[in-house]
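Hi everyone, thanks for coming. I've got one structure to walk you through today, so let's put it up on the screen.

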Number of protein chains: 2
Amino acid sequence: MAVPGTDSLAPLLEAGSVAIVGASADPLKIGGRPVEYLRRFGYRGRIVPVNPNRNEVQGIPCLPRLTRADAIDVAIIAAPVPGANEAVHQCLEAGCKAIILFSAGYAELDQAGAHSQRALASAAAAAGAVLLGPNCLGVINAHTRLVASFTTALESIELPCGSFSYLGQSGALGAYWMEKAVSAGLGISKWITTGNEAQVTVAEALAYLAVDPQTRLIGAYIEDIKRPELFRRAAQAAQAAGKTILAIKSGRSATGQRAVCAHTGAQAGDDATYQSLLRDCGIARVATLTEMIDVARLVLSEPPLSKSRRLGVVTVSGGAGALICDAADDVGLSVPELSAADMTRLSEILPKFVRCQNPIDVTGAVVSDTSLMTSVLETLAKSGSCDVIVLFLGLMGSIKEQLLAAVAHVRPLGKPLVLIWMGAPPDARRAVQALGVPLFDEIPPALASLAKAGLLA
Amino acid sequence: MAVPGTDSLAPLLEAGSVAIVGASADPLKIGGRPVEYLRRFGYRGRIVPVNPNRNEVQGIPCLPRLTRADAIDVAIIAAPVPGANEAVHQCLEAGCKAIILFSAGYAELDQAGAHSQRALASAAAAAGAVLLGPNCLGVINAHTRLVASFTTALESIELPCGSFSYLGQSGALGAYWMEKAVSAGLGISKWITTGNEAQVTVAEALAYLAVDPQTRLIGAYIEDIKRPELFRRAAQAAQAAGKTILAIKSGRSATGQRAVCAHTGAQAGDDATYQSLLRDCGIARVATLTEMIDVARLVLSEPPLSKSRRLGVVTVSGGAGALICDAADDVGLSVPELSAADMTRLSEILPKFVRCQNPIDVTGAVVSDTSLMTSVLETLAKSGSCDVIVLFLGLMGSIKEQLLAAVAHVRPLGKPLVLIWMGAPPDARRAVQALGVPLFDEIPPALASLAKAGLLA
C-alpha cells in the first residue's frame, strides 16, 4: 500500500521499457553507458535508443525520436542543456510515464537554470509524469536489472540482488555506497538519486522504498528535505514495515551548506532541526558511508543482534582487550563479569599464567595450541552471561586456518559474533565474509556499529 | 646527550651480541623465532643460542649455558616460569648488560608472581643490568637489524629502515603498529615493548628515543606511567630535539582499567590526570593505531605541512565536497573563498554548467576531459588563498592514469596535497603511495589527521 500523499515511483523503478534519448555508440559516454549497462546486466524490459543521426546504437535499432506508438515507460535524457529541455517536452508528448534528466546546469547553477527547472516540473506534472532530476544519476532496480544510470560504479562491480536500497541527492556518493556495499558482501535492491529534485524528492523516494517488498534496509544521503511531512509519514511507514533507515545528513556547517547549494541548489537549513526530525522518524544518523555500511552489515547479519548490550570479549592481546573495554564503554556496551560456571570452565581451558576474566586474553599461547580458541569461543557461545561475542585477532597468518575453523565451529550455536582482525591476510578476509561473520579491522568502529545496530534491533 | 635521571637503554638497543636462552630449532616456537629473525633480517652482531640439550640451533653453534667469557650484551630469556627466574640469575652472573624476559605469569597474574618480579628487578639493579619485561615482546632496532623479539608481525612483513619508533607495554599492539606502519610506506627505527615493567618503563623507553638520532617520530601505547616526572623530562627532551610524539592511552573506562591490570599489572589511574600530563608534555593523543598511522603519514610527508589551516578542495562529487566542508569545520580547518584571480582562472577551466567556488566540483565532466583536473590542481598549487590541497576522487578506474598524472604534475610545485580516494583501484593505491602522497579512503579521518598533524607542524 502506497504512502498517502505521494504518487508512486513505480512507473520509474518498475519500468517495462526504457528509451535513451541522446544514445551514444560509445559505451563510455554519458549517452552510451545506460545502453551498455542495460544490456550487460540483462535488463528484462525493452531498450530503445533514440538518436536522429544513427540507425543503431551498440547493436540495438535506434529511433530518430519517440512517439506515442512506442509506448515507452521511462525516458532517459542524456543530452546537455538547452537541448535537454526540448527532449523532455518531446518525451512528455510521446506519453512517457517517467523521465530521468541527467543534465546539469539548472537550479544549482543560476536563476535562469532555476526557472528552466520549474518549467520542466510544471510540464511533467501537467502530463501526469514522474520527473527525476535534473542533475542526477538516475535509478537502478537490481531485481529487474534496470540500470537507468551512467554511474561509473558499474564499470568494475557486479550488481548482486539483495534487500539494501539507497536514496539521496548525490549520485556520486550513491556510487561509492554501491561499491562499498557490494565489497562488504551486501546485495542491492533499489538505488534512487534525486539530484536537484525538480519534482521527485528524497521524501517520495523514501515513500516508495517504505512499501517496496524487496527493500529491508535503506541508506540515505540527504542534503535537504523539501517535504518534511511526507518524509515523516514515509519513515513511519518504513518503521511499521519493520525496515531500518540509516542516514547521512550533510550541510552541518556554514561552508557545507554553501557547498550543498552549489551542488543541487539545496538549502541545507539548521542542523538541529534536521537532527530532531531524523530522531523523531526513528532514523539512525551516521557520519560516513563507511559507518553506514558497517551498521548495515550488522543489521543484516545472521543470527540477528538482540537489543541486549553484554559482550563476551576474546582477544589475543591484552592491550587490545583494554581498548575494546574503553570503546565499549564509550558507546554504552558492557563487558560484564562472567558467571562462576563460565569462569570455572575457562580456567580449565586457559594457560595457567593467564588471569581468567572478561575480556578473555588467550595470549600468544594460542599459536602453539589453537584448540584453546575453539574451547573459549564455545564456552562463550553457550554462556548465559553475554549476548554477543567480540573476537579480536591480529596478524597470525600462520594459524589462520585454525582460527577460521574455530569461528566456523561456533557459528551454528546461534550467538551473534563480530570479528575484529587487524592486519588479516586477504584470503582470511574473504573466508570470514563467506562465513557470514561481520569483519572489522579497527576497534572503535566495530563497537560503535555494534551499539548502533543493537539499538535498531 | 642522555635524559638526566635514567640509565640509557643503549646496552639493549645497540647490542653487539645477543644470546637466546632456551633457543629452539623450530623457527615458529617462541625460543626459535628470535634466532630465525636475527638471521633472516641480517643482524650485524653475534648470535649465540643457549640450550643444554643441543649442539646447534638453526645452523648456529649452541652453548649449554652462558659464562662471563662469552661477553654477551643482551640475553633473551624464552623459557617459561619458574625456569625463567633461574635463567635470569645465570645471565646476570655471566655479566650480560641487558636481559629481555619474554615469560608471562608474574605481576599480571597474582601476588606470588609480583613477588618474583620484584626479586628479579632487584637482582638486575644490583648487577647494574637493564631488565626488560617480563611478559614483553622484546625490542627491535631496524637499523642494526637487531630483532630481539618473537613477534608474529615479522612472519609476513619486511623491516624497512626509517625514523618512526614504537614504545609501549603491549607487544601485540606493537606488532599491529608495525604492520600498519610498513603497509603505509613508513620506515621503522626502534621498537620497544615493556610488558610488566619490572625495571624499564615507558618513561625510560621515551628517554632513550628522545635522544636517539635515528628517531624523528614516536608512537606510544600507554597503560600506565610509573615514573611521571621522568616521562615528562623525556617528552621535553624529545620536543627540544624537534620530535613528535603520538600516544594511545588505554584504561579510560573502569572495565578498561580492570583489563590493563590483568594484562601487565598496570594501574591505569584517573584518565583526566593522564590527559593533563600528555597535554602538558605536548603529546598528541590518538584513539587508535589507525589514527596514529594516519597522523604519522602526514607528519612525515613532504613537503611539510604548515600550521596554516586553509584548504583548497577539489572533488568529483558535490556531495563529497559538502561532507568535506562539514568534516573540516568539525576539526577547525577552513575551506575559504578563493581570490578573485583564482576564481577568474577557474571559471576559464571549469565547464559552463558548474558554479565556481571552493570546494571546486569538477563533476563527472572530468571523465571526458581529464585535463580539467590538471588545470584545476595547478591553479590551487599556485594560489595564495590556500595552504593545503585536498583532492577527493571516487572509483573512476577508467581514467586512473590521467588522474595520477595530474597529481604527479603538481607535486613539484611544493604545496602539500592530501588525496581521499574512495574505492580506489589497488594499483592506483600503490601508485599514489609511490608518489609520496598521503592517501585516505574516507573523509573525516583524513580531515581529523590533517588538523592534528597541522597542529604538530
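I'll talk about how the two chains meet, and then we'll visit one residue in chain B.

Quick heads-up: what you're looking at is a predicted model.

Okay, the interface. How many residues does each chain bring to the contact? Chain A puts in 70 residues, and chain B puts in 70 residues. People often describe the size of an interface by the accessible area lost when the parts come together. Here, about 5,000 Å² is buried between chain A and chain B, with carbon and sulfur atoms giving 59% of that.

What about charges? There are 4 salt bridges across the interface of chain A and chain B. If you want one to look for, try A:Glu337 and B:Arg258, whose side chains meet at 3.8 Å, N to O. We also get 24 residue pairs in polar contact across this interface.

So which parts of chain A do the touching? Elements that give two or more residues to that side include the helices α5 (171–183) and α8 (254–264), plus the strand β17 (388–394). Which one gives the most? That's α11(A), with 11 residues. Sorted by type, chain A's side comes out as 31 nonpolar, 21 polar and 18 charged residues.

Now over to chain B. Find B:Thr315, which sits in strand β15 (residues 311–315). Buried or exposed? B:Thr315 counts as buried because its relative accessible area is 1%, and the cut-off is under 20%. Leaving out residues up to four places away in sequence, B:Thr315 touches several others, among them B:Ile324, B:Asp361 and B:Phe392.

That's my tour, thanks!

Conventions: Residues numbered from 1 in each chain as written. Chains lettered and ligands numbered in written order. Predicted model: local features only at pLDDT ≥ 70, side-chain atom pairs only at ≥ 80, totals over all residues. Heavy atoms only, no water. Contact = heavy atoms within 4.5 Å. Buried area = accessible area lost by both parts, 1.4 Å probe. Polar contact = N/O pair within 3.5 Å; in protein donor to acceptor, adjacent residues only side chain to side chain. Helix = DSSP H or I, 4+ residues; strand = E, 2+ residues; numbered from the N terminus. Nonpolar A, V, L, I, M, F, W, Y, C, P; charged D, E, K, R; others polar. Buried < 20%, exposed > 50% of the residue type's maximum accessible area, 1.4 Å probe, protein only.
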